[in-house]
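The following exercises are to be worked with the sequence and the three-dimensional model side by side. Each one sets a task and then gives a solution that proceeds step by step.

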Amino acid sequence: MDVVRSAAVGDGWFPPLDAAAEALQDLYRVLNPAGHIEKYLNRLCEHAVELIEDADMAGVTVLDEEGAASTAARTSREVVIVDELQYRSWAGPCIEAAESEQIVVADRTTASERWPGLASEARRFGGQSFLSIPLPALEPGVRAGAVNVYGSRADGFARSEVALMNLFTTAAG
């Protein structure tokens, strides 16, 4: 489904929402996600970094039926490293979002207070800000997941970025 702009509307559209609509259209072209799950999730991560101004990298965490966590998609090698830090300690935004089905957002200060080990180690790999959005199970054997966006800025993600990422992830999932 492509968005058709009315000539009467002009160019006054909210650019981040236009970009989100275009990213969703691209994901829908890849559909059926169940048949091409790896490609679908990698594109989801790529679009997340494109859509969210303060995002530097993104990944998808999945929890299998036994509760084991793994990274199913990523934009860079550093995502796997930051994710693994969370899996080993079973603490951090991706674990919390996947288990609680709640959005988890943390800037550098909040992350240092909530997950001191993760925060100090993640900084070495470019992660100072965290945004994790729950993702429903997209394939058999996966009970939950989260889209994780990492930023190198200490001040975190803006409320509008959190809302946009939530909308995008909900529509994509």
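**Exercise 1. Determine which residues of helix H4 are buried, and describe how the helix lies against the strands.**

Solution. In this predicted model, the buried residues of H4 are Pro 93, Cys 94, Ile 95, Ala 97 and Ala 98. The next step is to place the helix: H4, which spans residues 93–100, lies across E1, E2, E3, E4 and E5, and runs at about 145 degrees to E5. Finally, the residue that follows H4 is Glu 101, whose phi is positive, near 60 degrees.

**Exercise 2. Work out the order of the five strands in the sheet, and state which strands stand at its edges.**

Solution. The five strands form an open sheet in the order E2-E1-E5-E4-E3, with antiparallel pairing. Strands E2 (69–74) and E3 (104–106) each have a single partner strand and stand at the edges, so one side of each is left without a neighbour in the sheet. From one strand to the next, the twist averages 20 degrees.

**Exercise 3. Describe the pairing of strand E1 with E2 and with E5, and explain why E1 is largely enclosed.**

Solution. Begin with E2: five bridges join it to E1 (residues 57–64), the two strands running antiparallel, and Val 60 stands opposite Ala 73 in E2. E1 and E2 form a hairpin with four residues between them, and Gly 67 in the turn has a positive phi of about 95 degrees. Turning to E5, E1 pairs with this strand in the antiparallel sense over eight bridges, and Leu 63 stands opposite Ala 144 in E5. As for burial, seven of the eight residues of E1 are buried, so E1 is largely enclosed by the rest of the structure.

**Exercise 4. Find where the buried residues of helix H2 lie around its axis, and which strands the helix touches.**

Solution. H2 (residues 37–51) has 15 residues and reaches 21 Å from its first C-alpha to its last, close to the 21 Å expected at 1.5 Å a residue. Its buried residues are Ile 37, Tyr 40, Leu 41, Leu 44, Cys 45, His 47, Ala 48 and Leu 51. Because these residues cover an arc of only 165 degrees around the axis, they are on the same side of H2. On the other side of H2, Glu 38 and Glu 50 are exposed. The helix packs on the sheet, touching E1, E2, E4 (129–135) and E5 (142–151), and its direction makes about 140 degrees with that of E1.

**Exercise 5. Characterise the surroundings of Ile 133.**

Solution. Ile 133 has its place in strand E4. With a relative accessible area of 1%, under the 20% cut-off, Ile 133 is buried. When neighbours within four places in sequence are left aside, its contacts include Ala 97, Ile 103, Ala 146, Val 162 and Met 165. The C-alpha atoms of Ile 133 and Pro 93 are separated by 8.9 Å, although these residues are 40 residues apart along the chain.

**Exercise 6. Classify the two aromatic pairs of the structure.**

Solution. The structure holds two aromatic pairs. Trp 115 and Phe 130 form an edge-to-face pair, with 6.2 Å centre to centre and 75 degrees between the planes. Both Trp 115 and Phe 130 are buried. The rings of Phe 130 and Tyr 150 have their centres 5.7 Å apart and their planes at 85 degrees, so this pair is edge-to-face. Phe 130 lies in strand E4 and Tyr 150 in strand E5, so the pair ties together parts that are 20 residues apart in sequence. Taken together, ring pairs link Trp 115, Phe 130 and Tyr 150 into a cluster.

Conventions:
Residues numbered from 1 in each chain as written. Predicted model: local features only at pLDDT ≥ 70, side-chain atom pairs only at ≥ 80, totals over all residues. Heavy atoms only, no water. Expected span 1.5 Å × (residues − 1). Buried < 20%, exposed > 50% of the residue type's maximum accessible area, 1.4 Å probe, protein only. Arc of directions from axis to C-beta. Pairing = 2+ DSSP bridges. Axes fitted to C-alpha atoms, helices over the stretch in contact; angles between N-to-C directions. Contact = heavy atoms within 4.5 Å. Phe/Tyr/Trp six-rings, centres within 6.5 Å; stacked < 30°, edge-to-face > 60°.
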